[in-house]
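Dear colleague,

I am passing on the structure we spoke about, and it is placed just below so that you can have it open while you read. My notes on it follow.

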Amino acid sequence: MADFTNAFELAILQYLTKRTALPTPPTSLEVRLHTADPGEDGTTALHPATFGYAHQTIATDINAATNTQFNVNDTDGTATRISNKATITFGPASGGNWTPITHFSIRDVDNAVVLMKGALSATLQVNDTQSAEFQDGDLRLKTD
């Protein structure tokens, strides 16, 4: 599960209490993998070794009928949840193994701000020639 970062929470609070406009919705999001908790700004923890690693960009789409990236809202108890619809693939690792991956973050590409971060359910080791993937529904974004 992902947590909203302080920057995103502050934007919501300022919208509610100071009549500050929310940022323009992003046209794309960037999913990043981390070797430890990336912190509130998403830069505290390193990314895996450079052996073929690259952040993955996902286009956003406000039209539910044409959206190919995210599953429709559903509920899990009292929470609302959105998950990835398309597989998100990192790699493959090339020329060496990646440092073990424990966390991920989601960044608004247009506004250059990390919106969410979270821990993986288990540490992920990606060895040379292997890829890391979030299969359909694996990356679950949830509010409570």
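To begin with a pair of charged residues, E30 and R32 are both buried, and their side chains meet in a salt bridge with an N to O distance of 2.7 Å. Please keep in mind throughout that this is a predicted model, and that the distances and angles below are computed from it.

The salt bridges

E30 has a second partner, since its side chain also meets that of R107 in a salt bridge, here at 3.5 Å from N to O. This second pair links distant parts of the chain, with E30 in strand β2 and R107 in strand β7, 77 residues apart. Both E30 and R107 are buried, and E30, R32 and R107 are linked in a network of salt bridges. As a general point, side chains of opposite charge can pair when their charged atoms come close.

The count of salt bridges comes to 3, and one of them lies between the side chains of K117 and D37, at 3.0 Å from N to O. Because K117 lies in strand β8 and D37 in the loop between β2 and β3, this pair ties together parts that are 80 residues apart in sequence. The two residues can also be described by their accessibility: K117 has a relative accessible area of 12% and is therefore buried, whereas D37, with 36%, is partly exposed.

The sheet

Several of these residues sit on strands of an open sheet, in which 5 strands follow the order β1-β8-β7-β2-β3 with antiparallel pairing. The edge strands, each of which pairs on one side only, are β1 (residues 2-4) and β3 (residues 56-59). From one strand to the next, the twist averages 25°.

At the β1 edge, 3 bridges hold β1 in antiparallel pairing with strand β8, which covers residues 113-124. Here D3 has K117 as its bridge partner in β8, and F4 stands opposite M116 in that strand.

Strand β8 also pairs with strand β7 (residues 101-108), the two running antiparallel and being joined by 7 bridges. D108 stands opposite V113 in β8. Together β7 and β8 form a hairpin with 4 residues between them, and A112, in the turn, has a positive phi of about 55°.

Two buried residues on strands

H34 is placed in strand β2, which runs over residues 28-34, and what is its relative accessible area? The value for H34 is 0%, and the residue is therefore buried. Its side chain is joined to that of S105 by a polar contact of 2.7 Å. Beyond its neighbours within four places in sequence, H34 is in contact with a set of residues that includes G42, A45, L46 and H47, and also P100, I101, T102, H103 and F104.

S83 is placed in strand β5 (residues 79-83), and, with a relative accessible area of 11%, S83 is likewise buried. If its neighbours within four places in sequence are left aside, S83 is in contact with Q69, F70 and N71, and also with G137, L139 and R140.

Helix α1 and points of backbone geometry

Helix α1 (residues 6-18) has 13 residues, which at 1.5 Å a residue should span 18 Å, and its end C-alpha atoms are 17 Å apart, so the two values agree. The helix is followed by R19, whose phi is positive, near 60°.

Two further residues have a positive phi although neither is a glycine: A112, at about 55°, and T129, at about 80°. A112 is found in the loop between β7 and β8, and because its relative accessibility is 51% it counts as exposed. T129 has its place in the loop between β8 and β9 (residues 132-134), and with a relative accessibility of 62% T129 also counts as exposed.

There is, finally, a cis peptide bond, and which residues does it join? The bond lies between G91 and P92, with omega at about 15°, and P92 belongs to the loop between β6 (residues 88-90) and β7.

With best wishes

Key. Residues are numbered from 1 along each chain as its sequence is written. This is a predicted model: local features need pLDDT of at least 70, side-chain atom pairs count only at pLDDT 80 or more; totals for chains, interfaces and linings use all residues. Side-chain values use heavy atoms; hydrogens and water are left out. Two strands pair if DSSP finds at least two bridges between them. Axes are lines fitted to C-alpha atoms, for helices over the stretch in contact, and angles run from 0 to 180 degrees between N-to-C directions. Buried means under 20% relative accessible area, exposed over 50%, partly exposed in between (1.4 Å probe, protein chains only). Contact means heavy atoms within 4.5 Å. A polar contact is a pair of N or O atoms within 3.5 Å; within protein, one must be able to donate a hydrogen and the other to accept it, and residues adjacent in sequence count only if both atoms are side-chain atoms. A salt bridge is a side-chain nitrogen of Lys or Arg within 4 Å of a carboxyl oxygen of Asp or Glu. The expected span of a helix is 1.5 Å times one less than its number of residues.
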